[in-house]
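I opened this notebook to record, entry by entry, what I looked up and what I found there. The entries take aromatic rings to begin with, then charges over rings, then a helix crossing and a single loop residue.

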Amino acid sequence: MNQYYSSVFNNFLQNKSRSGDERIFLSIKKSMNQFPSFEYIREDEIFQATNWCTNDYLAMSVHPRVVEMAQASLKESGFGSGGTRNISGTTVLHAELEKLLAHISNKPSALLFNGAYLANFSTISALGKIFPNLIIFSDEKNHASIIEGVRSSGCTKIIFKNNDVADLESKLQNVDITKPKLIVFESIYSMSGNVAPIESIIKLAKKYKALTYIDEVHAVGMYGEKGGGVVEGMGLSASIDMVNGTLAKGFGTLGGYVAASREIINAIRSIGSGFIFTTTLPPSVCAASIASIKLNLEQSNIRTQFFRNVTLLRKTLKENGIPFAVSQSHITPVIIGDSFKTKRLSDLLLTKYGIYLQPINYPTVPRGQERLRIIITPKHRKEHIDHLAKSLKEALLEVNSEHNITGNSPKRQAYHSFINAI
């Protein structure tokens with residue numbers, strides 16, 4: 001490589017390290033039988049830890065029935081789908097899954113994508129082509145996939161403050177009511193756990209004649225009678241135009257989708273580049289997803305245990321004096337507010353206590369809002385929760401006592417050496 005290009009890459013990486021925003025990944029050996037515990041290798045030794053940051057909220061990825069359905073499909077159909085949806089990539093399992101997704105979303109139709117990021121990006125950018133003069137109102141805390149979709153759409157964008165209905169209305173008032181408008185927001189914001197004022201936003205959309213698009217990726221599977229998300233649980237499905245969801249979190253498999261009216265879905269299917277030009281999900285993934293959704297419909301006890309554990313987790317953290325942000329959902333953030341302290345805390349929890357909690361830093365959250373995001377599943381037991389709380393209490397005391405770690409000190413320099421050695 002040319003020296004100039006090499007130096008640019010190296011300077012970029014050095015800046016990430018100096019800011020405390022480097023991203024280091026732990027290679028885990030996931031076990032269906034041991035979940036949420038797993039093994040990992042460090043310095044040629046095998047260690048065990050408990051996962052406290054998974055998005056596999058209901059542990060459906062390790063449910064025997066889900067795995068069995070994937071295996072049965074593999075034996076029958078092989079692995080790959082063999083093409084895009086219009087070139088042999090549409091199997092009966094893809095069609096069945098889309099019908100099921102429409103059902104839990106209380107919508108006439110649904111469109112399956114290889115991921116929720118792709119679903120957001122493709123759908124929102126496609127809407128910009130269908131409505132050339134569309135004005136998009138986007139919540140400031142919206143996911144990167146939404147931001148990229150809005151950018152790609154080429155539409156005029158107007159950002160409103162997170163969950164601030166008054167700010168949204170003030171901005172809607174400044175736009176000609178006859179112009180096409182789209183309000184894009186999330187039901188649950190993953191880094192805070194806050195729930196959007198959905199009903200109020202719907203009322204504004206009707207008042208100002210706007211379409212609505214809600215991202216439910218952190219809600220599907222857990223909320224609503226059918227697991228369709230917060231909107232389904234609130235009985236507001238008919239009032240939302242488009243629902244984005246994922247199969248990779250509450251349902252524990254892979255893929256994303258958009259559910260809406262047939263005309264909206266057919267339009268997106270006809271023009272969405274991320275749908276048209278992508279080889280479809282393997283049939284086995286569709287089979288596993290179908291099994292997971294059906295289990296969710298049949299066995300409400302999975303979700304009951306999940307929310308029982310969420311309550312027990314927060315009760316135990318509070319008893320141990322662990323400060324956490326109050327959340328309206330299942331997400332429990334512990335805000336540290338410093339990238340170095342957050343990474344140091346994460347490393348200490350893993351190496352000393354066997355607790356895996358990845359640091360959440362910039363650009364996922366703003367600088368000064370760095371945090372640990374605790375996620376519990378139905379598979380976590382009381383002894384797991386007690387160990388987490390006790391360990392987190394001790395680790396916080398140790399890290400906070402290292403007050404010079406955020407300054408220009410030998411400790412900080414040593415920390416950089418530690419990071420670079422991993």
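**Aromatic pairs**

I searched the whole structure, which is a predicted model, and the search returned seven aromatic pairs. I looked up Y4 and Y5 among them, and since their ring centres are 5.2 Å apart and their planes stand at 70°, I entered the pair as edge-to-face. For the surroundings of these two rings I noted the relative accessibility: Y4 has 53% and therefore counts as exposed, the cut-off for that being over 50%, whereas Y5 has 48% and so counts as partly exposed.

I then turned to F113 and F275, which also form an edge-to-face pair, with 5.8 Å from centre to centre and 70° between the planes. Because F113 belongs to strand β4 (residues 109-113) and F275 to helix α11 (residues 273-276), I wrote down that this pair ties together parts that are 162 residues apart in sequence. Are these two residues, F113 and F275, buried or exposed? I found both F113 and F275 to be buried.

I also noted one aromatic cluster, which is formed by F38, Y40, F47 and Y356.

**Charges over rings**

I returned to F47, a member of that cluster, and found the charged end of R42 sitting over its ring, 4.0 Å from the ring centre. I made a second entry for R367, whose charged end sits over the ring of Y362, 4.0 Å from the centre of that ring.

**A helix crossing**

I looked up helix α5 (residues 116-130) and helix α10 (residues 262-271), whose axes come within 9 Å and cross at roughly 95°. With that angle, I recorded α5 as roughly perpendicular to α10, because 65 to 115 degrees is the range for that description. Which residues meet there, between α5 and α10? On the α5 side I listed T123, A126, L127, K129 and I130, and on the α10 side they meet A267, I268 and I271.

**The loop residue N142**

My last entry concerns N142, which I located in the loop between β5 (135-139) and α6 (144-153). Although N142 is placed in a loop, its relative accessibility is 5%, so I counted N142 as buried. I followed the side chain of N142 and found that it reaches the backbone oxygen of V184 at 3.0 Å. Setting aside the neighbours within four places in sequence, I listed I147, V184, F185, E186 and Y189 as the residues in contact with N142.

Note on methods: Residues numbered from 1 in each chain as written. Predicted model: local features only at pLDDT ≥ 70, side-chain atom pairs only at ≥ 80, totals over all residues. Heavy atoms only, no water. Helix = DSSP H or I, 4+ residues; strand = E, 2+ residues; numbered from the N terminus. Buried < 20%, exposed > 50% of the residue type's maximum accessible area, 1.4 Å probe, protein only. Polar contact = N/O pair within 3.5 Å; in protein donor to acceptor, adjacent residues only side chain to side chain. Contact = heavy atoms within 4.5 Å. Phe/Tyr/Trp six-rings, centres within 6.5 Å; stacked < 30°, edge-to-face > 60°. Lys NZ or Arg CZ within 6 Å of the ring centre and 35° of its normal. Axes fitted to C-alpha atoms, helices over the stretch in contact; angles between N-to-C directions. Parallel < 35°, antiparallel > 145°, perpendicular 65-115°, else oblique.
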